[in-house]
Amino acid sequence: MTIACGSSEPKTSAKRPSSFVMGLVAVGLASVFAAALVRPAEAATTLTVSLWGDMSASMPTDDGIGMRKSGKNEPKPNMGVTIYQHAIKAGPVTFAVTNHSEKTIHEMLVVPIKDTKTALPYLAGEHRLDEDKIHSLGEVSELDPGKSGSLTLKLKPGKYLLACNAPGHYAAGMWTVLTVTP
Ligand SMILES: [Cu+2]
C-alpha cells in the first residue's frame, strides 16, 4: 500500500506538467491547422469541367431540364458536361473547362436555377436556351476541340446549371447541375 502510494506520487506530479505541455502543444497545433484550413477556403475552389461529344444524326431534342416528355431528367450520353465534384462550398470558384470533343465547338454557361424540374426559357426555333432570360453569370465561350478555358465566379449557395448553348447541344443533354453549399 505504502509502497504503491509512494511510487505513484511522483508519477502523478510528473504527469501534470507534461499533460499541461501536451495541452499547449495540442492548442498550438489546433490553431496551426485552423489557420491552414481557413486559407484554402478563402482561395478559389477549382472545378474541373469536361465538355464532350459530337453531333450525330440521332440527336435527341428534349433532354434539357424539364423538357423530356418521359419525365426522366437525366442527360443521355450523346454529348455532355461532366464535373468531378457535384457539390462545392460557396465562395470563389474557378471553372477549368476543357473541350474533349473530336470536332465540335462547345461552351459552358453558368446559370442559377431554382430547381432541377422546371424547364428553362428555350428558343425552340433556334434550338437553344434564351440567353436574354436565363441570366447566365458568365461563360467560357466557343472552345475549339482540345482547347481549355477558365472562368472564376463568386457563387452563393444554391443550384447552378452548367450548360452548353451551341444550337441543339442543351437539348441533346449537354448540361449538368452543380450544388453550392453554405
Ligand atoms: Cu456543346
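**Exercise 1. Find the bridge partner of leucine 109 in E10, then its partner in E8.**

Start with E10: leucine 109 is bridged there to alanine 163. Strands here are DSSP runs of E with at least two residues, helices are runs of H or I with at least four residues, and both are numbered from the N terminus. Next, take E8: there the bridge partner of leucine 109 is glutamate 139.

The model is predicted; local features need pLDDT of at least 70, side-chain atom pairs count only at pLDDT 80 or more, and totals for chains, interfaces and linings use all residues. Residues are numbered from 1 along each chain as its sequence is written.

**Exercise 2. State how E5 pairs with E10 and with E8.**

Recall the criterion: two strands pair if DSSP finds at least two bridges between them. E5 and strand E10 (residues 158-163) run antiparallel and are joined by five bridges. Strand E5 (residues 106-113) also pairs with strand E8 (residues 138-143), antiparallel, over four bridges.

**Exercise 3. Lay out the open sheet of four strands.**

Write the order: E2-E1-E4-E9, with mixed pairing. Look at the edges. E2 and strand E9 (148-155) each have a single partner strand, so one side of each lacks a neighbour in the sheet. From one strand to the next, the twist averages 20°. The angle is taken between N-to-C directions, on a scale from 0 to 180 degrees, using axes fitted to C-alpha atoms. Now go inside the sheet. E1 and E4 run parallel, joined by seven bridges. Serine 50 stands opposite threonine 98 in E4.

**Exercise 4. Describe the largest nonpolar core and the contacts of leucine 162.**

Fix the terms. A nonpolar core is a set of buried Ala, Val, Leu, Ile, Met, Phe, Trp, Tyr and Cys residues joined through C-beta atoms within 7 Å. Buried requires 20 or more other C-beta atoms within 10 Å of the residue's own, with C-beta atoms placed from the backbone. The largest core has 30 residues, and Val81, Met108, Leu162 and Ala163 have the most contacts inside it. Elements giving two or more residues to this core include strand E1 (45-53), strand E2 (79-83), strand E4 (91-99) and strand E11 (175-181).

Contact means C-beta atoms within 7 Å. Leucine 162 touches, among others, Val49, Val81, Met108 and Trp175, leaving aside residues up to four places away in sequence.

**Exercise 5. Summarise the chain.**

Count elements: two helices and eleven strands. Then burial: 24% of the 182 residues count as buried. Finally, of the contacts with a separation of 6 or more, 81% link residues 24 or more positions apart.

Definitions and conventions
Buried ≥ 20, exposed ≤ 12 C-beta atoms within 10 Å, placed from the backbone. Contact = placed C-beta atoms within 7 Å.
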